[in-house]
Amino acid sequence: MKSNNIYSKIEVERLGWKPNNQDKFILEDINCEFEKGNFYGIIGPNGSGKTSLVKNIIRFIESTKGEIRLDNFDIKEYKRKDIAEKIALVSQNTNLDCTFSAYDIVMMGRSLYQKRFSDESQRDKDMVKDAMIMADCYELRNKDVSLLSGGERQRVITARAIAQDTPWLILDEPSSSLDVRHQLELMTALVQLNKEKDKTIIAVLHDINMAAKYCNRIIMLKEGKICFQGKKEDILTKENLAKVYDVEFKIIKDSESEDKYFVPTSSI
């Protein structure tokens, strides 16, 4: 199924999910909406259901109850290929124990657009090169991915998702294995994709300050439920963070950039 709806959005209604043969719901009564053109940050404590939520959206796991709609159609009505043409995913843990080069891995993001048994087009090659430059891994293009560090692999997988060239890009803790420089470069690249390439970004983030700096919409989860959601300036407050993380925070404001930084001070 393909939709011609120009105003693309993802709607999650009354979503509940639990693993098979388990009584406890990991996600319960999730209601949220992702609208085209925004950069969403999903934050919350460990075990709050952040990864489970994005896996439900991408249909890596099937919801137990409720509904997820992509462009007004139930996500379960889409073929896997149709979802892949709309949403690219950067998983938190990706196994790359193979003999492919980094370039080959990124080129796999173009497989949706290639005819069977055909060679890569010049557009495919250009898209792969641009994606690898954006993810700062072009210098790794000829290296065997099994020999790359965790951070290098993460950059290659991110480049593959960028090369997939979908309207939606979902990333599960994309900066967790990166050093500080590459964290900043990756988040800057995502902002560029969002603003200049009209990509809608959904990122699960461990770092509250990363979410505060780069995202314009925030969803805060705790114990499988959404506690707060909306514009970051409304949601990222000391009071809300204390309720979600059970930690007191103080706010430090950068006098030059006016960015706010949230510093934990003590547990509640």
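Student: What is the strand order of the open sheet, and how are its strands paired?

Tutor: In this predicted model, six strands form an open sheet with mixed pairing, in the order β6-β7-β8-β3-β9-β10. β6 and β10 (225-231) are the edge strands; each has a single partner strand, so one side of each lacks a neighbour in the sheet. From one strand to the next, the twist averages 15°.

Student: In which sense do β9 and β10 pair, and over how many bridges?

Tutor: Strand β9 (residues 217-222) pairs with β10 in the antiparallel sense, over six bridges. To place the register, take isoleucine 218: its bridge partner in β10 is glycine 230.

Student: Which strands does helix α1 lie across, and at what angle does it run to β3?

Tutor: Helix α1 (residues 50-57) lies across β3 (39-43), β6, β7 (168-172), β8 (200-204) and β9. Its direction is at about 135° to β3. Helix α5 also packs on the sheet, where it touches β6 and β7. The directions of α5 and β6 make about 180°.

Student: How much space lies in the largest pocket, and which residues lie nearest its centre?

Tutor: The general idea is that rolling a probe the size of a water molecule over the atoms shows where empty space is left. Here the largest pocket holds about 370 Å³ of space. Its lining has 18 residues, and Phe60, Ala84, Ile87, Leu89 and Gln164 lie nearest the centre.

Student: Which elements each supply at least two residues of that lining, and what is its make-up by class?

Tutor: α2 (80-86), β6 (87-90) and α5 (150-163) each supply at least two. By class, the lining has 11 nonpolar, five polar and two charged residues. β6 thus appears twice in this account: as an edge strand of the sheet and as a contributor to the pocket lining.

Technical notes. Residues numbered from 1 in each chain as written. Predicted model: local features only at pLDDT ≥ 70, side-chain atom pairs only at ≥ 80, totals over all residues. Heavy atoms only, no water. 1 Å grid on protein atoms, 1.4 Å probe; cavity = no way out; pocket = protein on both sides within 12 Å on 5 of 7 lines; lining within 4 Å. Points joined across faces, edges and corners; volume = space filled by probe spheres on them. Helix = DSSP H or I, 4+ residues; strand = E, 2+ residues; numbered from the N terminus. Nonpolar A, V, L, I, M, F, W, Y, C, P; charged D, E, K, R; others polar. Pairing = 2+ DSSP bridges. Axes fitted to C-alpha atoms, helices over the stretch in contact; angles between N-to-C directions. Contact = heavy atoms within 4.5 Å.
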